[in-house]
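Student: I would like to go through this model slowly, asking at each step how a description follows from the values behind it.

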Amino acid sequence: MTLDQFRHVADRMLDPFVSLSTRLGLTPDAVSVVAFALAGGAGGAFYLGGTAPVWYLAGAVLVFLNGWLDLLDGALARELGTDSKAGDLLDHVLDRYADIVVISGLAAGIGRYALGLAAVTGVLMTSYLGTQAQAVGLDRVYGGLLGRADRLALVGVTGALAAFVSATPAGLTVVGWLLVVFAVVGHFTALQRFYYAWRALA
């Protein structure tokens, strides 16, 4: 399962927003920074969701906006012809910090720190293996069960659901189950990417 294969559809939907950003004089780097700020707000909202579930809705909205701007910065860079290695570096660094902040907020909000650690390492290893393939001379790897677009979609949907569903029959909250998915499937996806890269280099 990966939403990255539908990126071309999202790119077409971004056209009006790219045009608007160009008229406003926004730069791709500025959009990346705003996207990270929204992720920080989402992490804070998810943390507060542990005491007031309505915050989960706010976090879900902020995550969806973060994901949209994360697509917009790249599309804007291509439109302006300013895409560069420096911009790519900034985007990836901010994305990884955004992942950390959002997942930490989810875990802290329900007091599941060990589960949060397992989830965030799964997510970070997935991203690391994707770019490490490029570092050893291969194309960047986006495959596997759980890419970043999938994670953002799951966080947004789960955040909205958590505002109305407090617990599940198995004892974990819906947020807890999301962390389990990130921990298990995240590490599995990282191993998938490692396998693809290893086979290509062997």
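Student: How many salt bridges does a search of the whole structure find?

Tutor: Keeping in mind that this is a predicted model, the search of the whole structure finds five salt bridges.

Student: What makes the contact between Asp 95 and Arg 148 a salt bridge?

Tutor: The side chains of Asp 95 and Arg 148 meet at 3.8 Å, N to O, and the term asks for a side-chain nitrogen of Lys or Arg within 4 Å of a carboxyl oxygen of Asp or Glu, so the pair qualifies. This pair links distant parts of the chain, with Asp 95 in helix H4 and Arg 148 in helix H6, 53 residues apart. Both Asp 95 and Arg 148 are buried.

Student: Which salt bridge joins Arg 96 and its partner, and where do the two residues lie?

Tutor: The side chain of Arg 96 meets that of Asp 99 in a salt bridge of 3.1 Å, N to O. Both residues lie in helix H4, three residues apart, which is about one turn of the helix.

Student: Why is Arg 96 called buried or exposed, and how do you know which word fits Asp 99?

Tutor: Buried means under 20% relative accessible area. Arg 96 has 18% relative accessibility and therefore counts as buried, and Asp 99, with a relative accessible area of 6%, is buried because its value also falls under that cut-off.

Student: What does the salt bridge between Asp 99 and Arg 148 tie together?

Tutor: The side chains of Asp 99 and Arg 148 meet at 3.4 Å, N to O. Asp 99 lies in helix H4 and Arg 148 in helix H6, so the pair ties together parts that are 49 residues apart in sequence. Salt bridges that share partners join Asp 70, Asp 95, Arg 96, Asp 99, Arg 148 and Arg 151 into one network.

Student: Why is Val 54 called buried or exposed?

Tutor: Val 54, which lies in helix H3, has 58% relative accessibility, and because exposed means over 50%, Val 54 counts as exposed. Val 54 is also one of the residues of a nonpolar patch on the surface, together with Tyr 47, Leu 48, Trp 55, Leu 57 and Phe 164, and the patch has about 630 Å² of accessible area together. The elements that give two or more residues to this patch are helix H2 (28–48) and helix H3 (54–80), and the largest share, three residues, comes from H3.

Student: How do you know whether Glu 79 is buried or exposed, and which residues does Glu 79 touch?

Tutor: Glu 79, found in helix H3, has a relative accessible area of 55%, which is over the 50% cut-off, so Glu 79 is exposed. Not counting residues up to four places away in sequence, Glu 79 touches Val 18 and Thr 22. The C-alpha atoms of Glu 79 and Val 18 are separated by 7.6 Å, although the two residues are 61 residues apart along the chain.

Student: How do you know that the reach of helix H5 is close to what is expected?

Tutor: Helix H5 (residues 113–135) has 23 residues and reaches 32 Å from its first C-alpha to its last, which is close to the 33 Å expected at 1.5 Å a residue. The buried residues of H5, among them Gly 116, Val 120 and Leu 129, pack against helix H4 (85–110), helix H6 (148–162) and helix H7 (174–201).

Conventions: Residues numbered from 1 in each chain as written. Predicted model: local features only at pLDDT ≥ 70, side-chain atom pairs only at ≥ 80, totals over all residues. Heavy atoms only, no water. Patch = residues over 30% accessible without salt bridge, like charges linked within 9 Å, V, L, I, M, F, W, Y side chains within 5 Å. Areas by Shrake-Rupley, 256 points an atom, 1.4 Å probe, with all protein chains shown as cover. Helix = DSSP H or I, 4+ residues; strand = E, 2+ residues; numbered from the N terminus. Buried < 20%, exposed > 50% of the residue type's maximum accessible area, 1.4 Å probe, protein only. Contact = heavy atoms within 4.5 Å. Expected span 1.5 Å × (residues − 1).
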